[in-house]
Amino acid sequence: MTTYTIPGMHVRDHEVQVPLDWSDPGNPEQLTVFARELADPIRKDDDLPYLVFLQGGPGGKSPRPTEPNGWIGQALKTYRVILLDQRGTGRSTPVDGRRMNSFATAEGAADYLAHFRADSIVADAEHLRKTVFGGRKWSTLGQSFGGFITLTYLSQAAEGLTACYVTGGLASVEPDAEEVYRRTYPRVEAKNREFYRRYPHNEQRVAAIADRLAAGDVRLPDGDLLTVRRLQSLGIDFGMKPGYERMHWLIDEAFCGDELSETFLTQVMVRSSYSDGPLFAALQESCYGSGEGASGWAAERERSARPQFAETARPLLFTGEMMYPWMFEEIRVLRPFRAAVELLAARPRWSRLYDLDRLAANEVPVAAAVYFDDMYVDSGLQLETAARVGNLQAWVTNEFEHDGIASDRVFAHLTELVRSIGGGVRAG
């Protein structure tokens, strides 16, 4: 175990070995799961409760903090914070193009990816809790997809939990990818209208960029062809603060004379390459699979029914947290995943993620921030879920976007909600 101190945080690094397939203990394939433990240096030897952070995604690694600010600073007042690199991410056994290329068949690659969903992550967390942290119960903080994991945790291993906090991540407990996109496309369209309302001159500039891309042969620094639909995918940032401003300044420097600038092309490559997290794209629709039914590229089907999102439409609308089959052809980092992801999209049956009876009878205190204007996770679906989970308090607010967890106030408010009913821990 490696230990060291960075400003304001004492760190311990942990690694455990887990089976690839928790349902088949005889399968010899193992993965490494990594977790980083943080404590206030002054209290590093104190007997503190644990808070494990469940990162968004799917396929997101844990934060790499440089100082104890935001929610981490708040949590370190009372907890040891466990930053889990979910399987396939960060310092846990990674899933990347090289790994995908190592499979002899697309079926083998698809079966491998199917073991990186919420149920496997919960099993990993429970193994870590029991083997490294002495089996003590802990609390969870689930951001976005981390909230999906939280609901699976409450369904499968609630006995390991003392309290759960969720920010922008109450998944539908009867998941349906098609319904998710039916609800989120109008939210994305509204975000586009607000962007152009704030910066009306960008409507013409974005159209000029799209016209240049439609003319063909604009290459990104990594050699990928930049298409209009890839440009549109940058709208995924509209659900964060300050996503509008980041887009505005990107467009501001788009042209050098009549051609697109190197600065612009480099930034587009960085923002749309998925080089830091290909699992996010590969498992985006699969994370909704539970029981019977294939996703069948639900985001693509729903987009085809909305002509306002066409590449030729003006004003050009950006898309959001949607993954499309063309991405696995046009984006270099994602190409090795193409055949496997096609099979996942057609997979007719998935392991069940949620136990509706256990969720309804839940006794673990849960506090959830529901962002009313959330572009990624529909607030209506979140409130439907809140009504079906026992002992859950929902805090509905339009003050924050999906990344509201970055504020000092969100985690503090959620912990107060749980304390108000006698759960969680008291401030130290």
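Here are some worked exercises on the domains, charges and rings of this predicted model.

**Exercise 1. Into which domains is the chain divided, and how many residues does each give to the contact?**

Start with the bounds. Domain 1 takes in 2-175 + 353-421, and domain 2 covers 177-350. Next, turn to the contact, where domain 1 supplies 40 residues and domain 2 supplies 36 residues. Finally, place the two parts in space: their centres, taken over C-alpha atoms, are 27 Å apart.

**Exercise 2. Describe what domain 1 and domain 2 share where they meet.**

Begin with area. Together the two domains bury about 3,300 Å², with 62% of it on carbon and sulfur atoms. Then look at the polar side: 18 residue pairs are in polar contact between domain 1 and domain 2, both residues having pLDDT of 80 or more. Last, count the charged pairs, and you arrive at six salt bridges across the interface.

**Exercise 3. Find the salt bridge partners of D276, R43 and D111.**

A reminder helps first: side chains of opposite charge can pair when their charged atoms come close. The cut-off to apply is 4 Å between a side-chain nitrogen of Lys or Arg and a carboxyl oxygen of Asp or Glu.

- D276 pairs with K61, at 3.8 Å from N to O.
- R43 pairs with D46, and their closest N and O atoms are 3.2 Å apart.
- D111 pairs with R347, at 2.6 Å from N to O.

For the whole model, the count is 41 salt bridges.

**Exercise 4. Are R43 and D46 buried or exposed, or do they fall in between?**

Recall that buried means under 20% relative accessible area and exposed means over 50%. R43 has 25% relative accessibility, so R43 counts as partly exposed. D46 has 33%, so D46 is partly exposed too.

**Exercise 5. Which rings do R99 and R347 sit over?**

Take R99 to begin with: R99 lies over the face of Y112, 4.5 Å from the ring centre. Now return to R347, the salt bridge partner of D111. The charged end of R347 sits over the ring of W350, at 5.4 Å from its centre.

**Exercise 6. How many aromatic pairs are there, and how do F133 and W138 meet?**

The count gives 23 aromatic pairs. In the pair of F133 and W138, the centres are 5.8 Å apart and the planes make an angle of 55°, so the pair is classed as tilted, since edge-to-face needs over 60 degrees. Both F133 and W138 are buried. To finish, follow the ring pairs elsewhere: they join F195, Y196, Y199, F238, Y244 and F318 into a cluster.

Note on methods:
Residues numbered from 1 in each chain as written. Predicted model: local features only at pLDDT ≥ 70, side-chain atom pairs only at ≥ 80, totals over all residues. Heavy atoms only, no water. Phe/Tyr/Trp six-rings, centres within 6.5 Å; stacked < 30°, edge-to-face > 60°. Buried < 20%, exposed > 50% of the residue type's maximum accessible area, 1.4 Å probe, protein only. Lys NZ or Arg CZ within 6 Å of the ring centre and 35° of its normal. Domains from an automatic or database assignment. Contact = heavy atoms within 4.5 Å. Buried area = accessible area lost by both parts, 1.4 Å probe. Polar contact = N/O pair within 3.5 Å; in protein donor to acceptor, adjacent residues only side chain to side chain.
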